[in-house]
Amino acid sequence: MGYGAKGVMTLGQETDIAGEEMLNMQHLEASPDGKFVLLVETERSEWGVQQQTCYRMPAQRLIELIRKEGERMDG
């Protein structure tokens, strides 16, 4: 069986009090070759400076972790 990641999924987002500007966001996205899943965290400081931190994991490893740590839902 071949494994390959595709697409983007937002996990969480925090906006300012007015709900106008994004302060923090986390999303998962596939690497260009589909072999890795990337967790991208974007943070904006009160001065408007934006910083991104990226973590990568093989798609197969993420599947193993979810199977091990996740709650099984049959049906």
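Guide: Welcome! A helix here is a DSSP run of H or I at least four residues long, and helices are numbered from the N terminus. Keep in mind that this is a predicted model.

Visitor: Thanks! How many salt bridges does the rule give here?

Guide: The count is two. In one of them, R61 pairs with E64, and their closest N and O atoms lie 3.8 Å apart. The cut-off is 4 Å, so a value of 3.8 Å qualifies.

Visitor: Where do R61 and E64 sit along the chain?

Guide: Both belong to helix 1, which covers residues 59-69. They are three residues apart, so about one helical turn separates them.

Visitor: And how exposed are R61 and E64?

Guide: Each is partly exposed: R61 has a relative accessible area of 40%, and E64 has 38%.

Visitor: Which side chains meet in a salt bridge at 2.8 Å, N to O?

Guide: Those of R72 and D74. For burial, the exposed class starts over 50%. R72, at 70% relative accessibility, is therefore exposed, and D74 is exposed too, at 63%.

Visitor: Now let's try H27. Is H27 buried or exposed?

Guide: H27 is buried, with a relative accessible area of 9%. You will find H27 in strand 2, residues 22-30.

Visitor: What does the side chain of H27 make a polar contact with?

Guide: With the side chain of E29, at 2.7 Å.

Visitor: Which residues does H27 contact beyond its neighbours within four places in sequence?

Guide: On one side of the numbering come V8, M9, T10 and L11, and on the other L38, L39 and V40. Try selecting H27 in the viewer and looking for them!

Technical notes. Residues are numbered from 1 along each chain as its sequence is written. This is a predicted model: local features need pLDDT of at least 70, side-chain atom pairs count only at pLDDT 80 or more; totals for chains, interfaces and linings use all residues. Side-chain values use heavy atoms; hydrogens and water are left out. Helices (H or I, at least four residues) and strands (E, at least two) are DSSP runs, numbered from the N terminus. Buried means under 20% relative accessible area, exposed over 50%, partly exposed in between (1.4 Å probe, protein chains only). A polar contact is a pair of N or O atoms within 3.5 Å; within protein, one must be able to donate a hydrogen and the other to accept it, and residues adjacent in sequence count only if both atoms are side-chain atoms. Contact means heavy atoms within 4.5 Å.
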